[in-house]
Amino acid sequence: MEHVTSPKTYIAVAVTLLLLTLATTGIAYIDLGPWNTVVALAIAAIKASLIILFFMHARFSTGVTRLVIVAGLLWLGILIVGVMDDFITRGWLPVPGH
């Protein structure tokens, strides 16, 4: 049986997404030093979670769909770790010929 989400829920989530977008814009004008990126990414993660859970109906999906979502997030984590590994260790060895 498919779950039916009420229009009130969709409106509440949409308003929340708009408020989080305003928060992201507002925080961009506040100097938080290195925390600007962290706060912006945290808000973006919350917004992405709301979209996945409610608008993409992952909240009431089957176990296989949830497994695919988790596998995608795990793969994203692997890619981020690989990029950060390259970026952090880039200056550890001297470049030949320079």
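**Exercise 1.** Determine how helices α1 and α2 are oriented relative to each other in this predicted model.

*Solution.* Begin with the two elements: α1 covers residues 7-28 and α2 covers residues 35-55. Their axes come within 10 Å and cross at roughly 165 degrees. Angles over 145 degrees count as roughly antiparallel. The two helices, α1 and α2, are therefore roughly antiparallel to each other. The handedness completes the description: the crossing of α1 and α2 is left-handed.

**Exercise 2.** Identify the residues that form the contact of α1 with α2, and classify them.

*Solution.* On the α1 side, the contributors include Thr-9, Tyr-10, Val-13, Leu-17, Leu-20 and Ile-27. On the α2 side, they include Asn-36, Val-39, Ile-43, Lys-47, Leu-50 and Phe-54. By residue class, the contact comprises 15 nonpolar, five polar and one charged.

**Exercise 3.** State which residues make up the largest nonpolar core, and trace the contacts of Leu-20.

*Solution.* The core has six residues: Val-13, Leu-17, Leu-20, Ile-43, Leu-50 and Phe-54. The elements giving two or more residues to this core are α1 and α2. Next, set aside the neighbours of Leu-20 within four places in sequence; Leu-20 is then in contact with Ile-43, Ile-46, Lys-47 and Leu-50. Of these partners, Ile-43 and Leu-50 belong to the core.

**Exercise 4.** Decide whether Thr-5 is buried or exposed, and locate its contacts.

*Solution.* Thr-5 lies in the segment before α1. Its relative accessibility is 15%, and buried means under 20%. Thr-5 therefore counts as buried. Apart from neighbours within four places in sequence, Thr-5 is in contact with Tyr-10 and Phe-60.

Key: Residues numbered from 1 in each chain as written. Predicted model: local features only at pLDDT ≥ 70, side-chain atom pairs only at ≥ 80, totals over all residues. Heavy atoms only, no water. Axes fitted to C-alpha atoms, helices over the stretch in contact; angles between N-to-C directions. Helix = DSSP H or I, 4+ residues; strand = E, 2+ residues; numbered from the N terminus. Parallel < 35°, antiparallel > 145°, perpendicular 65-115°, else oblique. Left-handed = near helix turned anticlockwise from the far one by under 90°. Contact = heavy atoms within 4.5 Å. Nonpolar A, V, L, I, M, F, W, Y, C, P; charged D, E, K, R; others polar. Core = buried A, V, L, I, M, F, W, Y, C linked by side-chain atoms within 4.5 Å. Buried < 20%, exposed > 50% of the residue type's maximum accessible area, 1.4 Å probe, protein only.
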